[in-house]
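Student: Got a minute to go through this one with me? I'd like to start with the charged pairs.
Tutor: Sure, pull it up.

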Amino acid sequence: MSDRSWFYASNGQQQGPYPEVQLRDLIARGTVRADTLVWSEGMTGWQKAGEIPGLMSGGPRPPAMPQRGAPPMAPGGGYSGGQAGGSLSVDFEILEFAWRSLVALIGMILVIPAPWALVWYMKWFVPCVSVPGRPRLSFEGGAMTIVPWFFGAILIAILISYLDIQALNLVETLLQFALTWLFVRWFVANLASNGQPIGLSFSGTIWAFIGWNILFALSILTIIGWAWVYVAQMRWFCRNVQGTRREVTFTGTGLEFLWRAIVAAIACLFIIPIPWMYRWFGQWLASQTVLTERGAMANG
């Protein structure tokens with residue numbers, strides 16, 4: 001029975017899977033305590049280690065399970081079993097975020113290393129996101145895929161600037177929207193779990209994507225309306241993530257987004273709080289991105 005695999009929760013993130021013998025070693029070393037939430041396939045939900053008969057004392061053990069398996073988190077930071085779903089979460093060390101962001105920014109400014117700096121940054125950041133039922137989230141995309149788009153866009157921008165034809169500025173803007181749409185599709189398609197592709201895709205059309213960006217630009221004229229447009233665009237984006245048995249929904253409201261954006265913007269004027277504001281805002285956005293059984297939201 002020692003081949004059973006376990007996950008445990010630490011600092012709001014799932015750790016594992018670990019063979020049962022290794023979990024018992026973590027218990028012996030005090031890493032996993034009686035009040036630590038643990039999960040193994042076949043359980044109805046996360047439980048405190050001390051509440052599972054035989055786990056802390058070394059007595060009878062539960063039946064074996066396949067090596068792979070993922071503990072789903074429930075909304076609000078709780079946990080549940082099966083495919084019930086839950087909200088995303090994100091966390092990272094402030095100092096690591098600061099130096100990595102600085103390196104990535106320098107890479108973008110230098111232009112030539114920008115694609116590699118961007119991919120390097122995403123490979124670090126994506127694993128900081130915890131997805132219910134998806135252990136060890138990662139990004140598997142390569143920089144060479146976006147090199148033609150990136151440098152092609154730069155060459156076109158230089159050409160349009162050289163020709164100095166006003167009408168071509170609109171063409172350049174639309175092209176930037178189109179390249180961003182391609183980037184989104186590429187990013188979603190290259191998400192992986194445990195090193196294996198998840199098989200996600202983004203089905204939103206390029207015309208809808210361009211339309212949302214134009215609407216967002218126009219909404220800035222309303223001073224505060226952009227927050228509601230952004231939230232609506234997030235909901236549209238989530239609806240168009242395909243390839244999962246669960247629906248992805250964004251539950252945040254425009255007002256919630258607006259006041260957080262104002263607080264973050266004011267705090268960022270002082271420069272030093274920027275990393276903390278980024279994490280604070282990112283954690284809220286993640287918590288509002290929820291996975292549910294298909295049809296559950298409508299039935300609710």
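Student: Which residue does R24 form a salt bridge with, and how far apart are the closest N and O atoms?
Tutor: R24 pairs with E20, and the closest N and O atoms are 3.1 Å apart. Keep in mind that this is a predicted model.

Student: Where do R24 and E20 lie?
Tutor: Both lie in helix α1, residues 20–28. They are four residues apart, about one turn of the helix.

Student: Is R24 buried or exposed?
Tutor: R24 counts as buried, because its relative accessibility is 14% and the cut-off for buried is under 20%. E20 is buried too, with a relative accessible area of 0%.

Student: How many salt bridges does the count come to?
Tutor: Four. Another one is between R100 and E96, at 3.1 Å from N to O. Those two are in helix α2, residues 94–109, and being four residues apart they are separated by about one helical turn.

Student: And how covered are R100 and E96, buried or partly exposed?
Tutor: It's split. R100 is buried at 14% relative accessible area, while E96 is partly exposed at 27%.

Student: What does D35 form a salt bridge with?
Tutor: R33, with the closest N and O atoms 3.4 Å apart. D35 is partly exposed, with a relative accessible area of 45%, and R33 counts as partly exposed as well, at 47% relative accessibility.

Student: OK, switching to aromatics. How many aromatic pairs does the structure hold?
Tutor: 27. Take W149 and W186 as one of them: the ring centres are 6.4 Å apart and the planes sit at 85°, so the pair is edge-to-face.

Student: Where are W149 and W186 along the chain?
Tutor: W149 is in helix α4, residues 143–163, and W186 is in helix α5, residues 166–189. They are 37 residues apart, so this pair links distant parts of the chain.

Student: Is W186 buried or exposed?
Tutor: W186 counts as buried, at 8% relative accessibility. Its partner W149 counts as partly exposed, at 24%.

Student: Which residues do the ring pairs link into a cluster?
Tutor: W226, Y230, F250, F257, W259, W280, F281 and W284. W259 turns up again on the outside, as part of a nonpolar surface patch.

Student: Which residues make that nonpolar surface patch?
Tutor: I223, I224, W228, L255, W259 and V263, covering about 610 Å². Helix α8, residues 254–268, gives the largest share, three residues.

Student: Where is the place of I224?
Tutor: I224 is in the loop between α6 (206–219) and α7 (225–239). It is partly exposed, with a relative accessible area of 42%. That clears the patch cut-off, which is over 30%.

Student: Now strands. What's the order in the open sheet of three strands?
Tutor: β8-β9-β10, with antiparallel pairing. β8 (137–139) and β10 (196–197) are at the edges with a single partner strand each, so one side of each has no neighbour in the sheet.

Student: How many bridges join β9 to β10?
Tutor: Two, with β9 covering residues 191–193 and the strands running antiparallel. For a landmark, A192 stands opposite P197 in β10.

Student: And near the start of the chain, how many bridges join β1 to β2?
Tutor: Five, again antiparallel, with β1 spanning residues 5–10. There, A9 stands opposite Q14 in β2.

Student: How many of the residues of β2 are buried?
Tutor: Five of its seven, so strand β2 (residues 13–19) is mostly covered.

Student: Let's zoom out. How many helices and strands does the secondary structure come to?
Tutor: Ten helices and 14 strands. Of the 300 residues, 42% count as buried.

Student: What's the accessible surface of the protein?
Tutor: About 16100 Å², with 66% of that belonging to carbon and sulfur atoms.

Student: Last one: what share of the contacts with a separation of 6 or more comes from residues 24 or more positions apart?
Tutor: 65% of them.

Notes
Residues numbered from 1 in each chain as written. Predicted model: local features only at pLDDT ≥ 70, side-chain atom pairs only at ≥ 80, totals over all residues. Heavy atoms only, no water. Patch = residues over 30% accessible without salt bridge, like charges linked within 9 Å, V, L, I, M, F, W, Y side chains within 5 Å. Areas by Shrake-Rupley, 256 points an atom, 1.4 Å probe, with all protein chains shown as cover. Salt bridge = Lys/Arg side-chain N within 4 Å of Asp/Glu carboxyl O. Buried < 20%, exposed > 50% of the residue type's maximum accessible area, 1.4 Å probe, protein only. Pairing = 2+ DSSP bridges. Contact = heavy atoms within 4.5 Å. Phe/Tyr/Trp six-rings, centres within 6.5 Å; stacked < 30°, edge-to-face > 60°.
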